[in-house]
Amino acid sequence: MFRRREPVPFAFLAEADSFRSNVTRPPRERASVGQMAGRWLMGLTIVAGLVGALVIGMPSMSHQSPAATQHSEASDGR
């Protein structure tokens, strides 16, 4: 069966809120020009892929009936 644990005093949580550390994080390194260019190229590649997929997929998404687009001379009755 389950054993009942002893209650834990949570006074240390109240003390932790008032504690401020004097240790600061080191500053972040700035990205190099090559890294920035790589990020831009990656973003442009993704956007171009999405736009290209949309442009290529648009004709298949148009709702035209096949009978209206196919017209033969035999159906004219001449």
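A helix's expected span is 1.5 Å times one less than its number of residues. Keep that rule handy, because helix 2 (residues 33-61) puts it to use: its 29 residues should span 42 Å, and its end C-alpha atoms sit 41 Å apart, which agrees. What you're looking at is a predicted model, and its chain has three helices and zero strands.

**Layout**
- Reading from the N terminus, the elements go α-α-α.
- Helix 2 covers residues 33-61, while helix 3 takes in residues 66-69.

**How much is covered**
- Of the chain's 78 residues, buried ones make up just 1%.
- Helix 2 is hardly covered either: among its 29 residues, the count of buried ones is one.
- The chain exposes about 8,700 Å², and 62% of that comes from carbon and sulfur atoms.

**A nonpolar patch to look for**
- M36, W40, L41 and L44 together make a nonpolar surface patch of about 460 Å².
- W40, one of the patch residues, is found in helix 2.
- W40 has a relative accessibility of 59%; exposed means over 50%, so W40 counts as exposed.

**How far to trust it**
- The chain's mean pLDDT is 77, with 54% of its residues reaching 70 or more.
- Confidence is highest in helix 2, at a mean of 94, and lowest in helix 3, at 55.
- Where pLDDT is low, the predicted coordinates shouldn't be read in detail.

Conventions
Residues numbered from 1 in each chain as written. Predicted model: local features only at pLDDT ≥ 70, side-chain atom pairs only at ≥ 80, totals over all residues. Heavy atoms only, no water. Helix = DSSP H or I, 4+ residues; strand = E, 2+ residues; numbered from the N terminus. Buried < 20%, exposed > 50% of the residue type's maximum accessible area, 1.4 Å probe, protein only. Areas by Shrake-Rupley, 256 points an atom, 1.4 Å probe, with all protein chains shown as cover. Patch = residues over 30% accessible without salt bridge, like charges linked within 9 Å, V, L, I, M, F, W, Y side chains within 5 Å. Salt bridge = Lys/Arg side-chain N within 4 Å of Asp/Glu carboxyl O. pLDDT = per-residue confidence, 0-100.
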